[in-house]
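Me: I have a protein model open on my screen and would like to talk it through. Could you help me read it?

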Amino acid sequence: MTMLQEQAIQMIRDMSDDNVGFLIEVIQRLIPKKTYTSVIYPSQRPDEKMQAFKELVATRNEVKKYLPDDFDPDAELEVARREKYGSID
């Protein structure tokens, strides 16, 4: 470890938890997300995230099978809002 790194570690040790949290936010903005995510969350590989996304899309497509062909989510939402809140007209 270089002298500069040791000095940085000592400075962080002397900080309050609030300031360390702020420092982490700053570091996350400076370092590309791909880099610090793999350091902070080594168990979450990009492949795992992509697999979760693919499962979500597959589930969404599966649920669509049970909806009528003419299903309009915006119209359903409007009807539900009218039932719950009434009309403001």
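Me: Is K65 buried or exposed?
Reply: Happy to help, and please keep in mind that this is a predicted model. The relative accessibility of K65 is 59%. Exposed means over 50%, so K65 counts as exposed.

Me: Which side chain does K65 meet in a salt bridge?
Reply: The contact runs from N to O, at 3.1 Å. The partner has 35% relative accessibility, so it counts as partly exposed. The side chain that K65 meets is that of E62.

Me: How many salt bridges does a search of the whole structure find?
Reply: One of them joins the side chains of K65 and E62. The side chains of R82 and E78 also meet in a salt bridge, at 3.6 Å from N to O. The search of the whole structure finds 2.

Me: In which helix do R82 and E78 both lie?
Reply: R82 is exposed, with a relative accessible area of 54%, while E78 is partly exposed at 35%. They sit 4 residues apart, about one turn of the helix. That helix is α5.

Me: What span does α5 reach from its first C-alpha to its last?
Reply: Helix α5 covers residues 73-85, and it has 13 residues. At 1.5 Å a residue, 18 Å is expected, and the model comes close to that. Just after the helix, G86 takes a positive phi of about 80 degrees. From first C-alpha to last, α5 reaches 18 Å.

Me: Which residues form the negative surface patch?
Reply: A good place to start is D74, which lies in helix α5. D74 has a relative accessible area of 60%, so it is exposed. Together, the residues of the negative patch are D69, D70, D72, D74 and E76.

Me: And which residues make the nonpolar surface patch?
Reply: This patch has an area of about 380 Å². L56, one of its residues, is found in helix α4, which covers residues 46-64, and counts as exposed at 56% relative accessibility. The patch is made by M50, F53, L56 and V57.

Me: What percentage of the residues of the protein count as buried?
Reply: The cut-off for buried is under 20% relative accessible area. The accessible surface of the protein comes to about 8,800 Å², with 57% of that belonging to carbon and sulfur atoms. Of the 89 residues, the part that counts as buried is 2%.

Me: What pattern does the protein follow along the sequence?
Reply: The secondary structure comes to 5 helices and 0 strands. Read along the sequence, the pattern is α-α-α-α-α.

Methods. Residues are numbered from 1 along each chain as its sequence is written. This is a predicted model: local features need pLDDT of at least 70, side-chain atom pairs count only at pLDDT 80 or more; totals for chains, interfaces and linings use all residues. Side-chain values use heavy atoms; hydrogens and water are left out. Patches are made of residues with over 30% relative accessible area and no salt bridge: like charges are joined within 9 Å, nonpolar side chains (Val, Leu, Ile, Met, Phe, Trp, Tyr) within 5 Å. Accessible areas come from the Shrake-Rupley method with a 1.4 Å probe; for residues, only the protein chains shown count as cover. A salt bridge is a side-chain nitrogen of Lys or Arg within 4 Å of a carboxyl oxygen of Asp or Glu. Lys and Arg count as positive and Asp and Glu as negative; His and the chain ends are not counted. The place of a charge is taken as NZ of Lys, CZ of Arg, CG of Asp or CD of Glu. Helices (H or I, at least four residues) and strands (E, at least two) are DSSP runs, numbered from the N terminus. Buried means under 20% relative accessible area, exposed over 50%, partly exposed in between (1.4 Å probe, protein chains only). The expected span of a helix is 1.5 Å times one less than its number of residues.
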